[in-house]
Amino acid sequence: MKNSLLEVQRSFFRNARLRLVLLAVVLGVAWYFGAVSPLSGDELRLWEKVRNAQEYLFRWRESRGIAPETGTDRGKTGFIGVEWSPLTTTLGPLEAKRTAADPLWAVYALRRFRALGIGKNDKVALLSSSSFPGLVYSILAAADHLGADVLWIHSLGASTWGANHPSLPWPVMASVLRQGGFLSRKPDWYTLGGRGEMGGDLPEEGRKILEDAAARENVPFLKASSLAGMIDAKTALVTAFAPRLAVNVGGGAAAFAGNDSDFLRGGLFPPPPEGAVLPGEGVLQRLLEEGIPVLHFLNMKEMASEAGIPYDGVPAPRFVSLRSGAVSAAGVAFFFLFLLFHRRWDRWRP
């Protein structure tokens with residue numbers, strides 16, 4: 001009688017433990033596949049290329065004694081600048097700069113390009129700022145991955161923590177990446193950036209550093225006598241190129257002049273309906289009026305949340321799934337439902 005009772009108890013507890021283990025496995029699998037979105041093989045190769053470029057740049061900086069300040073570049077991307085220098089134009093949060101350096105942006109851009117039907121030899125215009133050097137490189141890597149034909153106009157002035165190290169302005173950074181085999185081309189045009197995109201708020205020391213670096217790269221400067229002239233010049237170059245898509249990185253003075261609301265959020269902007277008049281007179285508004293869609297990167301916190309890229313996270317080859325909230329709620333509901341029917345003890349009946 002006593003042996004039978006003990007055997008029933010052992011069997012009951014064995015089954016109870018097994019059910020708890022199964023619960024843990026089910027919740028673990030649901031968390032993994034619901035909370036993260038892994039990359040395909042093609043996307044993983046692009047992610048690894050960008051990450052390898054970052055590690056190469058970081059090691060190069062260490063070897064030259066210009067590594068990022070301790071604690072500023074936690075992901076060791078090499079794309080983080082300094083808080084202030086003669087090359088700095090405006091303020092920008094460090095967390096946003098680290099987020100912009102996440103290699104997942106290359107995969108995000110690749111997916112966007114493909115969704116818009118962009119492939120080999122299709123034309124893409126890139127208007128970029130040195131405020132987000134990591135993001136600029138990721139977009140170039142995605143375009144190169146597809147074999148797209150890119151027109152590239154780049155502004156050299158940078159906000160805080162961008163490509164604003166006096167010994168490592170964007171032309172030097174890009175040159176290092178080319179020497180390492182991670183970047184295949186130079187910009188078509190440079191502007192000084194800053195006020196009017198003519199370096200109006202840069203000290204003479206900063207202007208000379210940028211002009212000398214661009215001269216060593218043998219990339220011409222796009223010049224104008226006013227901001228309106230710079231907007232005209234940029235718009236003319238892009239429309240003559242007739243791209244299927246224009247990509248803008250950062251909030252350069254010419255980008256969306258006269259409008260501080262719609263374009264501050266970033267994202268994909270399709271051309272407006274025929275006859276519609278857009279507020280503002282920047283390059284982006286002009287391109288949209290010409291029927292060219294614009295993919296605009298600026299508000300890193302909001303865009304990262306929508307893209308499934310961790311804000312100020314550590315680089316990893318997986319997106320945060322946009323379904324994670326629903327999966328978490330379903331997991332909690334399943335857990336309490338399990339507890340409702342789970343027996344922790346039982347009364348033995350002969």
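# A walk through the predicted model

Let's begin with helix α5, which covers residues 133-146. This helix has 14 residues and reaches 20 Å from its first C-alpha to its last, close to the 20 Å expected at 1.5 Å a residue. Keep in mind as you go that what you're looking at is a predicted model.

How much of α5 is buried? The count is 12 of its 14 residues, so the helix is largely enclosed by the rest of the structure. The buried set starts with P133, G134, L135 and V136, carries on through Y137, S138, I139 and L140, and is completed by A141, A142, A143 and L146. Step just past the end of α5 and you reach G147, which takes a positive phi of about 80 degrees.

Now for the aromatic side chains. The structure holds 9 aromatic pairs. One of them joins W105 and Y108: their ring centres are 5.4 Å apart and their planes sit at 85 degrees, so this pair is edge-to-face, given that planes over 60 degrees apart count that way. Both residues belong to helix α4 (residues 104-115), and being 3 residues apart there, they are separated by about one helical turn. As a general matter, an α-helix has 3.6 residues a turn, so residues three or four places apart point the same way. Are these two buried or exposed? W105 is buried, and Y108 is buried too.

Y108 has another ring partner, F297, with centres 6.1 Å apart and planes at 80 degrees, so that pair is edge-to-face as well. Here the partners come from separate elements: Y108 lies in helix α4 and F297 in strand β9 (residues 294-297), so the contact ties together parts that are 189 residues apart in sequence. F297 is buried, as is Y108. Put the ring pairs together and you get a cluster made of W105, Y108 and F297.

Rings also turn up next to lysines. K97 lies over the face of F132, at 5.3 Å from the ring centre. Likewise, K123 lies over the face of F241, this time at 5.1 Å from the ring centre.

Next, the open space. The largest pocket has a volume of about 430 Å³. Which residues lie nearest its centre? They are T90, S131, S159, G251 and G252, out of 26 that line the pocket. Among the named elements, α3 (94-100) and α10 (300-307) are the ones that give two or more residues to this lining. By type, the lining residues divide into 14 polar, 8 nonpolar and 4 charged.

There is enclosed space too: the structure holds 3 cavities of 30 Å³ or more. The largest cavity has a volume of about 120 Å³. It is lined by 13 residues, and the ones nearest its centre are G75, R98, G313, V314 and P315. Sorted by type, that lining comes out as 5 charged, 4 polar and 4 nonpolar residues.

The second largest cavity has a volume of about 80 Å³. Of the 13 residues that line this one, E197, K234, N248, G252 and A255 are the closest to its centre. You've already met G252, which is also one of the residues nearest the centre of the largest pocket. Two strands, β2 (123-129) and β7 (245-249), each supply at least two residues of the cavity's lining. Which element gives the most? That would be β2, with 3 residues. The lining as a whole divides into 6 polar, 5 nonpolar and 2 charged residues.

To finish, here are two alanines to find on your screen. A224 is in the loop between α7 (204-217) and α8 (227-241). At 24% relative accessibility, A224 counts as partly exposed, a label that runs from 20% to 50%. Its C-alpha is 7.7 Å from that of M198, a residue 26 positions apart from A224 in sequence.

The other alanine, A24, has its place in helix α1 (residues 2-35). With a relative accessible area of 48%, A24 is partly exposed. Measure out to G75 and you'll find the two residues 51 apart in sequence and 32 Å apart in space, C-alpha to C-alpha. G75 should ring a bell, as it is among the residues nearest the centre of the largest cavity.

Notes: Residues numbered from 1 in each chain as written. Predicted model: local features only at pLDDT ≥ 70, side-chain atom pairs only at ≥ 80, totals over all residues. Heavy atoms only, no water. Phe/Tyr/Trp six-rings, centres within 6.5 Å; stacked < 30°, edge-to-face > 60°. Helix = DSSP H or I, 4+ residues; strand = E, 2+ residues; numbered from the N terminus. Buried < 20%, exposed > 50% of the residue type's maximum accessible area, 1.4 Å probe, protein only. Lys NZ or Arg CZ within 6 Å of the ring centre and 35° of its normal. 1 Å grid on protein atoms, 1.4 Å probe; cavity = no way out; pocket = protein on both sides within 12 Å on 5 of 7 lines; lining within 4 Å. Points joined across faces, edges and corners; volume = space filled by probe spheres on them. Nonpolar A, V, L, I, M, F, W, Y, C, P; charged D, E, K, R; others polar. Expected span 1.5 Å × (residues − 1).
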